[in-house]
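Welcome, and thanks for taking a look at this one with us. Here is a short tour of the inside of the protein, followed by a few residues to click on along the way.

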Amino acid sequence: MNWFPLLNSLRIAAIAAVIVFFTGIAAAYYIARLPKLVKGVLDVVLTLPLVLPPTVVGYLLLRLMGPKRVLGVWMLETFGIRLTMQWWSAIFAVTVVVFPLMYRTARGAFESFDPVLAQAGQTLGLSNTYIFWRIRMPYCRQGIIAGVVLAFARAIGEYGATSMIAGYTPGKTATVATEVYQLWRIGDDAMALKWVLINMAISAVVLLAVNLLERKNGRRRA
């Protein structure tokens, strides 16, 4: 059994999870402090990939990064880098798709933070950076970790946008999701079922981890 699709899915999901960890936290932290109207508009924009069909997200990314589009042509002519149909092309697609999960979860965690704690730190002369990393983040860590775990799990199973921007090349761009589709297409149901079971097992473990984190967080708040 060729394990490349699983290894490729794991590395794509891991890189995307790291990216959305920092970008999601930054967006959630600063947007939560904005006026209500502005926050509402940005919420809609940043959460849109969560409700759009993944193929639509993939199409929009192709319109941006395709070899005949502005960004794609510039990267190809300037650096000789083709942004599509590479294994790492899927990172762009996966990051856009899973970003709303991290953003919404992190924002919820930050909104539950008691501002009195930050004010107390300021009265002691602590910097905002220190308060953020040593007070706010530890307080919100359960929600943050849950967001990262959910984003990672969703990234492993992403298909629509990934298939459009990275395609399917065995041993090069194949992921678990695209491998299942290709095996089904050629009629190899037995192998497709094996990959489905592997994906389900990983997802079950991830969801169990999220449930344990939420339960622990609930006990801590109580």
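Let's start at S89, which is in contact with L83, T84, I165 and A166 once its neighbours within four places in sequence are left aside. Please keep in mind that this is a predicted model. From S89 the briefing moves on to T178, the nonpolar cores, the cavity and two partly exposed residues, M85 and L64.

**Two buried residues, S89 and T178**

- S89 sits in helix α5, and its relative accessible area is 0%.
- S89 counts as buried because that value is under the 20% cut-off.
- T178 belongs to helix α9, which covers residues 176–185.
- With a relative accessible area of 2%, T178 is buried as well.
- A polar atom of the T178 side chain lies 2.8 Å from the backbone nitrogen of T175.
- Beyond residues up to four places away in sequence, T178 touches Y159, S163, G167, Y168 and T173.

**The nonpolar cores**

- The largest nonpolar core has 39 residues, and the members that touch the most others are I25, F110 and I144.
- Two or more residues of this core come from each of α1, α3 (54–65), α5, α7 and α8 (160–165).
- Which element gives the most to this core? It is α5, with 12 residues.
- I25 is worth a closer look: setting aside neighbours within four places in sequence, I25 is in contact with V20, M102, A106, F110, F132, M137 and I144.
- That list of I25 contacts includes F110 and I144, the two residues named alongside I25 for touching the most other core members.
- There is also a second, separate core of 7 residues, with V176, V180, L183 and I198 among them.

**The cavity**

- How many cavities of 30 Å³ or more are there? The count comes to 1.
- The volume of the largest cavity is about 50 Å³.
- Its lining is made up of S9, I12, A13, A90, V94, A155, I156, E158, T162 and T175.
- The elements that give two or more residues to this lining are α1 (4–31), α5 (89–111) and α7 (128–156).
- The largest share of the lining, 3 residues, comes from α1.
- By residue type, the lining of the largest cavity divides into 6 nonpolar, 3 polar and 1 charged.
- T175 turns up here again: T175 lines the largest cavity, and its backbone nitrogen is the atom 2.8 Å from the T178 side chain.

**M85, a residue with positive phi**

- Most residues other than glycine have a negative phi.
- M85 is not a glycine, yet its phi is positive, at about 60°.
- Where is M85 found? It is in the loop between α4 (70–79) and α5.
- M85 counts as partly exposed, with 34% relative accessibility.

**L64, in helix α3**

- L64 has its place in helix α3.
- Is L64 buried or exposed? At a relative accessible area of 46%, L64 is partly exposed.
- The contacts of L64, leaving aside neighbours within four places in sequence, are R69, L71 and G72.
- For a sense of distance, L64 and Q182 are 118 residues apart in sequence, and their C-alpha atoms are 26 Å apart in space.

Methods:
Residues are numbered from 1 along each chain as its sequence is written. This is a predicted model: local features need pLDDT of at least 70, side-chain atom pairs count only at pLDDT 80 or more; totals for chains, interfaces and linings use all residues. Side-chain values use heavy atoms; hydrogens and water are left out. On a 1 Å grid over the protein atoms alone, a cavity is a set of points where a 1.4 Å probe fits but cannot get out, and a pocket is an open set with protein on both sides within 12 Å along at least five of seven lines; lining residues have an atom within 4 Å of a point. Grid points are joined across faces, edges and corners, and a volume is the space filled by probe spheres set on the points. Helices (H or I, at least four residues) and strands (E, at least two) are DSSP runs, numbered from the N terminus. Ala, Val, Leu, Ile, Met, Phe, Trp, Tyr, Cys and Pro count as nonpolar, Asp, Glu, Lys and Arg as charged, and the others, Gly among them, as polar. A nonpolar core is a set of buried Ala, Val, Leu, Ile, Met, Phe, Trp, Tyr and Cys residues joined through side-chain atoms within 4.5 Å. Buried means under 20% relative accessible area, exposed over 50%, partly exposed in between (1.4 Å probe, protein chains only). Contact means heavy atoms within 4.5 Å. A polar contact is a pair of N or O atoms within 3.5 Å; within protein, one must be able to donate a hydrogen and the other to accept it, and residues adjacent in sequence count only if both atoms are side-chain atoms.
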